[in-house]
Each structure stands twice: as structure tokens, then as C-alpha cells.
Amino acid sequence: MPPTSFSAFQLPKTQIQRKHELVAGLFKEILERFRDWDLCRESPSLFLVYAYDNPSVGRADAGVSRNLIQWLSSLRFHIYSDCTVSGYNTLAFQTTLMNTAKADDVLSSQLCLLPNHSESVDRVILCGSEVLGRYIETSYYQSYYQSLKSAYQKALKQFDGIDSIKEALREVVNHNLKEKEFHHVLTELAFLHIRYDYKQEDHGIIPVLLNGTFQKCFPAFIVKSTTICIYEPSLYVPGNWNGEETYQDQGVHIGFFKLLKRLLVNQERRIQLIEEEVYHSCIQALRKNHSKVLEPQAFSTYMKDAYLKVLDKLLEDGTTFLRQLGPETSPKPIPQCKQNSMLQTAQILEVMQAQTQIESLIEAKVSALKIDLKSYLQSEIHLVKSSIDSKLEAMQEAQTSLNSKLELILASLNKPSR
């Protein structure tokens, strides 16, 4: 069933726009909560690969990729991407010193995709699209990849540091700069292929499908691997999907939650609860079209209540975990423990980590309650002030009316008798 426009619901445009804005604000608030929790304190280093928009070739949805970069950066991930040129568009056909310098800067950032050196990133997010898939299909890319692979293998055998590999690869890149079919993303794809050849199933590549199909939008080594693709295209367009109302960027938000759970395995429970109990709960409230929830202040209150419930569940998880460890593994001063017992040390670390998480959650809940109380008090003060102002205004009107009556009485008393 293809997505349809919101006109099918015959809702006022202002109400539709309000819903889009509320969902955007909801997701922004969730990102702020994640950042406050410092979820990415021990996150892997990342590189995001995507094709730049090229309508003559197909859909790239590069804006979605840029959103992913922005959101991951806002959560303090160690993320890298090609930011030294404006996208992955082809450089000028005639090689100049400036173009060569730009390409060298790009290459320097791309080297972290290669395996087996100190600067290699832990994970790579590969955004698949029609444009990327069509680049991969070209004979030019296959030839370019083979040239880079040969240069890499030759330099690796004569290994004299990463600089020697960079020099060998730079020579191939510079030789291709003036080619019409050259795009910087092709270099990254080739490096990912080399990465896969050396690391196999430990390649650390997470495919995210932006549009098109999995088979046509990713390189063969990804398609044939056991890697699970993140795929939510049915929700990218606002409208109606399978009988349910959907909103702007909702599918991208859901895909982002999936990505976070893949990147932060130890934080999966927190992310899942926020996604289900806050994000989806608020979405369902909007779908019911309750007029109260559609008001920004009421929606914010609804969201805060859902967030506090999540904190309660996470606190319950933490206390249950400590209870399950039992009295023998309850926290004790480290010097009193048998240092030669790896199991006991691991248990102590688990307890300490659980305690830290509980303390963090308590702090988060106290902070949320303070904000809630402050908002409530400000609202009450505003109501009291409005009431006082209204009563003063009424008293002033009564005084004015009384003065008018007194003037009339005095005027009648001073009126000379006949």
C-alpha cells in the first residue's frame, strides 16, 4: 500500500503542521535526554559513507545522511565523514593544484576506513541508495577499485608506515581526478571492500538503506554477508502507511533508534524503553487526535510523564540486578576482596557499574522533577498573577463606575431648585 497524503484525513493544514512540529520537537527532546545520560561515553569511533545528491543518476537522500551525522555528533559520538569538499560531487575535469590539495585532504580523512592500522575506525555506517548502487555497477568503479587494491597490497608488502600507503593510494586518486565518472565516495567504497577482504565478518560495517532495494544499493560483499540492514523506507514519507498516520521524518527517527542499538549494545535497554515508552507512546497519542495533546504545553507534559515512567523502570532494573547478585556479591571495599579471583573482580565491577547507573538515573529523575516543578510553579504563579490582575481590573472598573454615580448624585444635589 503506497503512502498517501494527509489530505486523505481531511484535517486542517494547521493541525497537520502542528503534529509534524510536535514530532520533531519530541525527537529533539529525546536526543537531549540521551546526551544528558552521556550514552556515548564509551562509544566506538565511526565513519559515515554516503553518496551526494545526483538527480541525473537517481535518488541519494543525502539530507538523511547529513541528519544522521548531525544527530550522532550531538550525542558526542566520535564520528568522521568527508567534510573537506561540498559532498561527493565530481571535481573539475581539469586537475589543478587546488583540486589536488582538496583531494589529498579528503584522502587523509578516508584512510581511517582501511584495516589494520592505529587510526582505523571501529564501525562504518554505509548509507545505501540508488545513486550509490549505480556508481557500484559501473565498469569505471570496478577498474578504480582494482587499481586502489593493487596499490594498497603493494605498499603493504613494502610497509614503511601509513604514510607510504597513503602516498601509493594518493597517486591512484590523483590520476583519476579528471575522470568524468570520478566521485570521492568511490574511494570510500573501494576502501570498504579492502577492509572486508582483510577483516571478513569482523568488518564492522552497518548498512542503512535510504531508498531502493538492498540488492541494488549496496556492494556485493555486503549483500552476500550476514550483516543485518537497517531498513525503514515505508515511513520516510509523511502520510498513511498500513492504516496508520505517519509524520515527517518518523521513519528516519525509528531507523536512528535501530542504529543506536547496534552501536551501543550495552545501552540497548535504555534506548528501547525511550523508543517504546516515550517516542511511540507520544506518536500514538497524536494519532488519537485528542485536542488537548495537540497543544504544545499539554504534549510536553505528556512526554515528560512518559519519560519519568521510563526512569522508574530503569531504576527498578538496576535495583533488581543488584538484588539478584545476592549479599555475597554486594559492594565491598576492593582491598577486602581476593584480588586473585577474576570472577569476583568482574562481579565487583558489575556492581560498581550498576551503582553508577542507578546514581545517574536518580540524578536524571531529580533533574526532571525539578524542571517539572519549576514549570508547574511558573504556571501557577502565572495563573495567580492573571487572577490578581483580573480582580484589580474589575475593582478599577467598579471604582470608575462608582465615581460616575457619585458625580451624578453630586450634580443632582447641586442642581438649583425651582
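Helices here are DSSP runs of at least four residues, numbered from the N terminus. In this predicted model, helix H6 covers residues 162–176 and holds both Arg-170 and Glu-167, which lie 3 residues apart, about one turn of the helix. The side chains of Arg-170 and Glu-167 meet in a salt bridge, with 2.5 Å from N to O. Arg-170 has a relative accessible area of 17% and is buried, because buried means under 20%. Glu-167, with a relative accessible area of 43%, is partly exposed.

**Salt bridges**

A search of the whole structure finds 9 salt bridges. The bridge between Arg-170 and Glu-167 is one of them. Another joins the side chains of Arg-33 and Glu-29. Both of these residues lie in helix H1, 4 residues apart, about one turn of the helix. Arg-33 counts as buried, at 12% relative accessibility, while Glu-29 is partly exposed, with a relative accessible area of 22%.

Asp-61 also forms a salt bridge, and its partner is Arg-59. Asp-61 counts as partly exposed at 22% relative accessibility. Arg-59 is partly exposed too, with a relative accessible area of 44%.

The table lists these pairs with the distance from N to O.

| Salt bridge | N to O distance |
|---|---|
| Arg-33 and Glu-29 | 3.2 Å |
| Asp-61 and Arg-59 | 2.8 Å |
| Arg-170 and Glu-167 | 2.5 Å |

**Nonpolar cores**

In soluble globular proteins, nonpolar side chains tend to be buried together. The largest nonpolar core in this model has 54 residues, and Phe-34, Leu-72 and Phe-256 have the most contacts inside it. Several elements give two or more residues to this core. Among them are the helices H1 (13–37), H2 (62–74), H10 (250–263), H11 (268–287) and H12 (296–325). Strands E1 (45–49), E3 (123–128) and E4 (205–209) also give two or more residues to the core.

A second core, separate from the largest one, has 45 residues. Leu-177, Phe-182, Phe-191 and Leu-192 are included in this second core.

Leu-72 can be followed further through its contacts. Leaving aside its neighbours within four places in sequence, Leu-72 is in contact with Leu-46, Phe-77, Ile-79 and Ile-125, and also with Phe-256, Leu-259, Leu-260 and Leu-263. Phe-256 thus appears both in this list and among the residues with the most contacts inside the largest core.

How values were computed: Residues are numbered from 1 along each chain as its sequence is written. This is a predicted model: local features need pLDDT of at least 70, side-chain atom pairs count only at pLDDT 80 or more; totals for chains, interfaces and linings use all residues. Side-chain values use heavy atoms; hydrogens and water are left out. A nonpolar core is a set of buried Ala, Val, Leu, Ile, Met, Phe, Trp, Tyr and Cys residues joined through side-chain atoms within 4.5 Å. Buried means under 20% relative accessible area, exposed over 50%, partly exposed in between (1.4 Å probe, protein chains only). Contact means heavy atoms within 4.5 Å. A salt bridge is a side-chain nitrogen of Lys or Arg within 4 Å of a carboxyl oxygen of Asp or Glu.
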